[in-house]
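Me: I'm new to this one and would like a close look at just one part of it. Could you walk me through that part and what surrounds it?

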Amino acid sequence: MTCVLIVEDEPTVRRAIARAFTASGWGVTQAETLKRAAECVAEREAPYDCVVLDLELPDGSDLALAQELRSRDPGVQLVFFSGSDDPELLSAASSLALSVHKSEGIRTLVDQVVELLRPPTRSQAFLVGAGEPERSSGT
């Protein structure tokens with residue numbers, strides 16, 4: 001089962017995101033603070049497939065948590081879901097992970113995460129592995 005950790009301090013938003021992922025058949029863990037998110041990560045035996053992060057929480061910025069998660073597991077998919085309009089913060093977030101603005105809605109968030117975690121099709125895998133075609137030397 002695909003598992004997602006949602007780190008969001010607004011209870012209504014956090015529960016709505018959780019419902020959307022649960023309806024898609026995903027396992028969901030919720031955290032309202034950075035401290036609780038760190039505890040969830042430490043308590044879990046297997047890594048999360050995806051972590052959805054709000055950028056601005058009462059106990060700090062999720063940028064530090066994102067960097068820590070990425071250093072622990074380079075394959076973890078991170079998605080920022082924030083209402084921030086701070087250009088520096090958004091730029092820093094975008095350099096680390098996919099960012100979806102809260103004004104785009106929860107459905108867009110879920111669609112983006114599903115697409116992010118979708119395994120490549122055989123033709124996509126072939127194209128990635130194919131690289132440049134070999135060229136004949138003409139002899």
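How many of the six residues of strand β6 are buried?

Reply: Five of the six are buried, so to speak of β6 as mostly covered is fair. Here "buried" means under 20% relative accessible area, while over 50% is exposed and anything in between is partly exposed (1.4 Å probe, protein chains only).

A quick word on ground rules. This is a predicted model, where local features need pLDDT of at least 70 and side-chain atom pairs count only at pLDDT 80 or more, while totals for chains, interfaces and linings use all residues. Residues are numbered from 1 along each chain as its sequence is written, and side-chain values use heavy atoms, with hydrogens and water left out. Helices (H or I, at least four residues) and strands (E, at least two) are DSSP runs, numbered from the N terminus.

Now, the setting. β6 belongs to an open sheet of five strands, in the order β2-β1-β3-β6-β7, with parallel pairing; two strands pair if DSSP finds at least two bridges between them. The edges are β2 (27-31) and β7, each of which pairs on one side only. On average, neighbouring strands in this sheet are turned by 20° against each other, direction ignored.

On one side, β6 is joined to β3 by four bridges, running parallel, and Val52 stands opposite Val79 in β6. β3 (residues 50-53) also pairs with β1 (residues 3-7) in the parallel sense, over four bridges; there, Ile6 stands opposite Val52.

With β7 (residues 98-101), β6 (residues 77-82) runs parallel too, again over four bridges. Phe81 faces Val100 in that pairing. To get from β6 to β7, the chain passes through helix α4 (residues 87-96), and this β-α-β crossover is right-handed: with the strands pointing away from the viewer, the path from the first strand over the helix to the second runs clockwise.

That helix has a neighbour. The axes of α3 (residues 62-72) and α4 come within 11 Å and cross at roughly 10°; axes are lines fitted to C-alpha atoms, for helices over the stretch in contact, and angles run from 0 to 180 degrees between N-to-C directions. The two helices are therefore roughly parallel, the label for angles under 35 degrees (over 145 is roughly antiparallel, 65 to 115 roughly perpendicular, the rest oblique). Leu63, Ala66, Gln67 and Arg70 of α3 meet Leu89, Ala92, Ala93 and Leu96 of α4, contact meaning heavy atoms within 4.5 Å.
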